[in-house]
Amino acid sequence: MTTRDLILERGQELLLDAGLRALTTNAVAARARISKKTLYKHFAAKDEMVEAIVLSLVESELGMWDRILDADTPPMQRVQDSLRFVADAMPRLQQLLFGQVESFAPSLWRTIDARRIRRLRRLKGLMKELQDEGQIRPDVDADRWLLLLMTVTRHALHPKALSATEFTFPAMVETVIQLFYEALLTEKGRANASCEAHRRGAVDRLTRWVISHPVWVIAAAVGLTALFATVLPRLEIEVDFKGFLSSSDPAVLALERAEDRYGAQEILIVVVETQDTVFTIATLAKLYELERAIEALSGVDEVLGPTTAQIIIADGNLLRVTEAAETPPEDEAEIAALRQRLSESARLRDVVVSEAGDAAAILVRLEPDAERMDLAATIEALAAAERGPEEIHVAGLPSMHRAMAGSMFRDIRVLVPAVIAIVVAVLLISFRSLRVLAASLPIVLMSVVWALAAMVVAGQPFTPFALALPVMTIAIGIADAIHILNRFREERTREPDLRLAVFKTMRAMRAPVVMTSLTTAAGFLSIMSSLIEAQRMFGAFVALAVLVAMVLSLTFLPAVLVLAPPPLRAKRAEERFGRFLAACGRGIYRARYVLLALGVGAAALFVLAIPRIRVETIPQSFLGEGHSAVLAMDAVDRHFGGSLQLAVEIDTGRGDGLKDPELLHLMDEIAGRLESIDGVSRAVSLADLVRELNFVLHDNDPAYDVIPDDAQTVSQLLRVFEFRGGDLGQMATSSFASGEVTARIGLKSTGDLAGVQREVQGMLAGVATGDALEQVDVMRAFISLFEKMPRSQALSLLTSAVAAALIVAVLMRSIAAGIVCIVPLLFTVLASFGVMGYAGLPLDIATLRVASMAIGVGIDYAIHFTERHRRELASGRSSKEALEETLRTEGKAISYNALAVGLGFAVFFASSFRALANVGMLVSLTMFVSAVASFTIVPGLLVLWRRQITQR
C-alpha cells in the first residue's frame with residue numbers, strides 16, 4: 001500500500017467515525033501515523049485532501065454497486081442485488097456523508113450525486129428490460145418509483161430514527177425491499193425471483209436471528225456440547241491392525257477361521273536375555289517361577305517355555321508326556337539333563353532356547369476371547385519384577401497393541417494441549433485480543449467433542465488413525481474463525497453499528513467459509529473410498545468435525561462478536577505486514593509468468609521422486625525403531641527368528657485325515673520349503689511330533705527318526721500322546737481333519753514380507769494335493785493392507801481433487817475458478833510426494849492420508865484468495881491493483897491460517913509414533929507450500945483467465 005492509499009484509507013475511517021468536520025490535516029496525519037510534511041507531499045491543501053478522501057469512499061461503495069450491475073447474472077438477480085445494496089449502503093452514506101457534503105461542499109456534492117444518478121439510470125435500464133419481458137408491471141413509472149425508494153431509505157432507515165424504535169436495521173431493510181420491490185412484479189416476475197429471493201432471504205434471516213438472540217445461540221451450542229461430552233467415557237480403544245481391514249477381507253476371514261479351530265494366532269513372547277547362558281540355577285529358577293505365574297493367569301491357553309515345554313520320554317514300552325522341568329534344576333547334572341531334553345526335541349530345538357543358549361523364550365498363547373492387552377500388561381508386570389541381571393522383553397502383537405494404546409493416551413495428553421497452546425499463540429499474535437480467544441477457540445473444542453461423541457453413537461472405536469482427529473480438528477477448524485475475524489476487523493472500521501458490522505461480515509464470509517469447509521470435508525470424505533475400514537471411519541469423522549466447525553463459525557462466532565466484540569483495530573505491526581504483502585503483490589505481478597514456469601519445473605522435480613516412495617504396513621513403520629514394543633520384537637528376531645507367525649493350514653475335510661502318512665510327509669515337505677525361503681525359520685508341524693514320538697518310543701534310535709509308513713502306527717502314537725496329556729496346540733484339530741504348519745518370520749520391511757508372501761503362495765500353488773491349502777496368518781493380513789494402500793491413495797486423491805474442483809466451480813459459478821483453485825493444490829500434493837521420495841519417508845497407514853488432507857485443507861487458501869481477488873476486480877480495480885489489495889487484506893488472514901495449521905500439525909513431532917511425526921512434518925510443509933502457491937501460482941492463473949474468472 002502506498003502512502004497516498006494509506007492517507008485515503010485512514011481518512012475514510014476518520015470521516016465515518018467523526019464526520020466531515022473532523023477531516024483536518026492534523027487529524028488525518030495522526031490517524032495515518034505520518035507527519036504533516038509527508039501528507040502535504042501528496043495533497044497540496046486541505047480541500048484537495050478532503051475531496052480525495054470523500055470521492056475515494058464514494059467510489060469504494062459505488063464500486064460494489066458497479067460489480068452488481070456488471071455481473072454476468074440474469075437481470076432479475078441484478079435488480080434484486082442492487083435494491084439490497086441501495087437499502088443497505090446508501091442510507092449510511094447519505095446520512096453520515098452526503099448531507100454534510102451537500103451543506104459544506106456543494107460542488108463536491110454535485111459530482112457525487114452525478115455519479116450516483118448514473119448508477120440509478122443503469123438500474124432503471126434493467127427495470128425497463130424486465131418490463132419488456134413482462135416481469136415488472138407496465139404501469140410502474142421507474143423514475144417515480146426510484147425517487148420514492150431513495151426518499152424512504154434516506155429518512156426511514158436513518159440510525160437516529162431507528163434508535164427510537166424496536167426495529168433493527170436489517171429487519172427494516174428487508175421490509176423496504178419487500179414493500180417496494182415485490183409490489184412491482186408480475187406473476188411471471190415473482191416466479192422467476194422467488195427461488196433466489198427465498199434462498200438469500202432464508203440465510204439472511206438466520207444470520208439476523210443469530211445476531212438478535214446471541215445468548216440463546218451460545219447456550220444451545222454449549223448445552224449440546226455438554227450433552228455430547230457425557231458419552232465420551234464410552235469411547236473404546238482399538239489398536240489391532242487386523243481391525244483396520246474389512247471384516248469381509250479374505251485374509252481376515254482366513255485368520256478368524258484359524259482362530260476358531262486352533263486358538264489365537266497371535267502369541268506373546270517373553271524373551272530372557274543373558275550375557276552368557278540361560279542354563280544357570282538362578283536363571284532357570286527365575287524362568288520356572290515366571291512360566292508358572294503366567295500359566296496361572298485367567299485367559300492364558302498355553303505356555304511353552306524351557307521348563308513348561310512338553311517332553312516326550314520312554315517309560316519301558318510306553319510313552320510319557322511331562323514338563324521339561326517339573327521342579328527347578330538344583331545342580332549342574334539336572335541342568336545338563338534339561339539342556340539335552342530340549343535339544344533332542346525337533347519341536348523345541350531353538351524354539352524355547354536360542355541356538356547360542358544366551359536367550360530363552362516363553363511362548364504364551366491366549367484364549368480367543370481373552371482381554372489381550374490386559375493380559376499383556378499383567379505379563380509385562382510379572383516380567384519386570386524378575387528383571388535383573390537378565391534383560392527381559394515382552395513381545396508379540398498383543399504387547400505391541402498395549403504399548404500403542406499407552407502411547408495413544410500419552411499423545412492425547414501431550415499433543416492436544418500443545419496444539420491448543422499454538423492456536424492461542426497464533427490468535428494472540430494475529431489479533432492481540434483475549435476476546436478473540438473467547439470467540440474462536442470454543443468452536444474447535446466443541447467440534448472435537450461432537451465428532452468423538454458421534455464415534456461413540458456410531459459404535460466406532462478410537463484407532464491409531466483417529467488419534468490425529470483432535471489435533472487436526474483444532475488446527476484446521478480455527479481457519480474459518482481467523483478469516484471471519486479478519487473480515488470483521490475490516491467491516492468494523494467502516495461500520496459504526498456493531499450488529500450491522502457483524503451482519504455484513506457474515507454475509508461477505510458465508511460463501512468462502514462454506515466453500516472452504518465443503519472442500520475440506522470433501523478432502524477427508526474422499527478417504528471413504530479407501531479400502532481400509534479404519535481409514536474410512538477416520539475420514540468420515542474428521543469431515544464431520546470440519547462441518548460442525550463451519551456451522552459454529554457461522555452461528556456461535558457472530559453471537560459472541562455481538563456480546564463481546566474484540567477491539568479489532570489493526571496495530572502498527574499489522575499495517576506494516578499488510579504493506580509488505582502489498583509490495584510483494586507488485587513483485588509477484590511483474591514476475592507472474594516466471595513464477596508459473598518455476599512452479600512447473602519444481603513439479604517436474606517432485607514427480608521424479610515419486611517412484612522412490614515405498615509402502616510400509618508393519619507396526620515398526622508406525623511406531624518407529626526406538627519404540628519399546630519394537631525393541632522387544634527386535635530381541636525375538638535376533639534370537640528366535642522372528643515374532644511374527646507364518647501359518648499354512650492343511651484341511652482334509654475328513655476325520656483323521658492328517659494321520660495319513662502321505663499327508664504327514666506333505667506337511668514335512670511344506671515345512672522344508674518354508675524354511676528354504678529367506679527370512680523364514682523354525683517350521684513345525686504335526687509331522688515333527690509324529691517323528692519325535694516314533695524316535696523316543698524306539699530308544700532314540702536314529703533309524704526311527706522318521707514318519708511311520710502306515711496310518712495305524714501313526715494313529716496309535718498320537719492316541720498315546722493325547723492319553724498321556726499331550727497338547728496338540730496348532731498342529732491339529734481334535735478330529736485330525738486339519739492342522740497347521742507354523743514357522744517364524746521377523747517383522748522386516750513390508751517389501752520383504754511381500755516377497756516372502758509371494759514365495760509362500762507360489763510354493764502352495766506348486767504343491768500337488770487334493771486337500772485345501774491356505775495361508776492363515778497375521779502376515780497375510782499385513783500384506784493385504786500393503787496391497788490396498790496404493791489403490792486407496794489413488795482413489796482418495798482422484799475423489800478429493802474432483803470433488804474440490806466441482807464444489808468451487810459450482811459455488812463460484814465458474815469452471816475456470818475451480819481449475820485455478822485446484823492447480824496449486826495439485827502442485828502441493830506433488831511436493832508432499834516428492835519430499836517423501838527424496839527423504840525416504842514411507843507411505844504407511846498414517847502418511848497415506850497426507851495427500852487428501854493437502855487438497856482438503858490447502859485449497860482453503862486458494863479459495864479465499866480467488867474469491868477476494870474476484871471481488872476486487874469487480875470493483876473496478878486493475879489486475880495489478882486487485883492483486884495488491886488481495887494480498888494486503890486476505891493475504892494476512894491466509895498467512896495467519898497457514899501459521900496456525902502448520903504449527904498445529906508440527907506438534908506431531910512430539911508424538912510417540914514415528915509415522916505421526918512424519919505426518920506432522922509433511923502437513924506443515926504442505927501448508928507452507930499451499931500458502932506460497934496461492935500467493936504465486938494463483939495470481940498468474942487469475943491474470944491469464946481474468947475474463948473467465950470474473951464472469952459468473
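In the predicted model, four strands form an open sheet with antiparallel pairing. The strand order is 2-5-1-6. Strand 2 (300-304) and strand 6 (391-395) lie at the edges, and each pairs on one side only. Neighbouring strands of the sheet are turned against each other by 15 degrees on average, direction ignored.

Within this sheet, strand 1 (residues 267-273) pairs with strand 5 (residues 359-366). The pairing is antiparallel and runs over seven bridges. One residue pair can be named here: I267 has R365 of strand 5 as its bridge partner.

Two helices pack on the sheet. Helix 15 (residues 372-386) touches strand 1, strand 2, strand 5 and strand 6. The direction of helix 15 makes about 175 degrees with that of strand 6. Helix 16 (residues 397-431) also packs on the sheet, where it touches strand 1, strand 5 and strand 6. The direction of helix 16 makes about 90 degrees with that of strand 1.

Further along the chain, P464 sits in a loop. This loop lies between helix 17 (434-457) and helix 18 (469-494). The relative accessible area of P464 is 1%. P464 therefore counts as buried, because the cut-off for that class is under 20%. P464 and L916 are 452 residues apart along the chain, yet their C-alpha atoms are separated by 9.5 Å.

How values were computed
Residues are numbered from 1 along each chain as its sequence is written. This is a predicted model: local features need pLDDT of at least 70, side-chain atom pairs count only at pLDDT 80 or more; totals for chains, interfaces and linings use all residues. Side-chain values use heavy atoms; hydrogens and water are left out. Buried means under 20% relative accessible area, exposed over 50%, partly exposed in between (1.4 Å probe, protein chains only). Two strands pair if DSSP finds at least two bridges between them. Axes are lines fitted to C-alpha atoms, for helices over the stretch in contact, and angles run from 0 to 180 degrees between N-to-C directions. Contact means heavy atoms within 4.5 Å.
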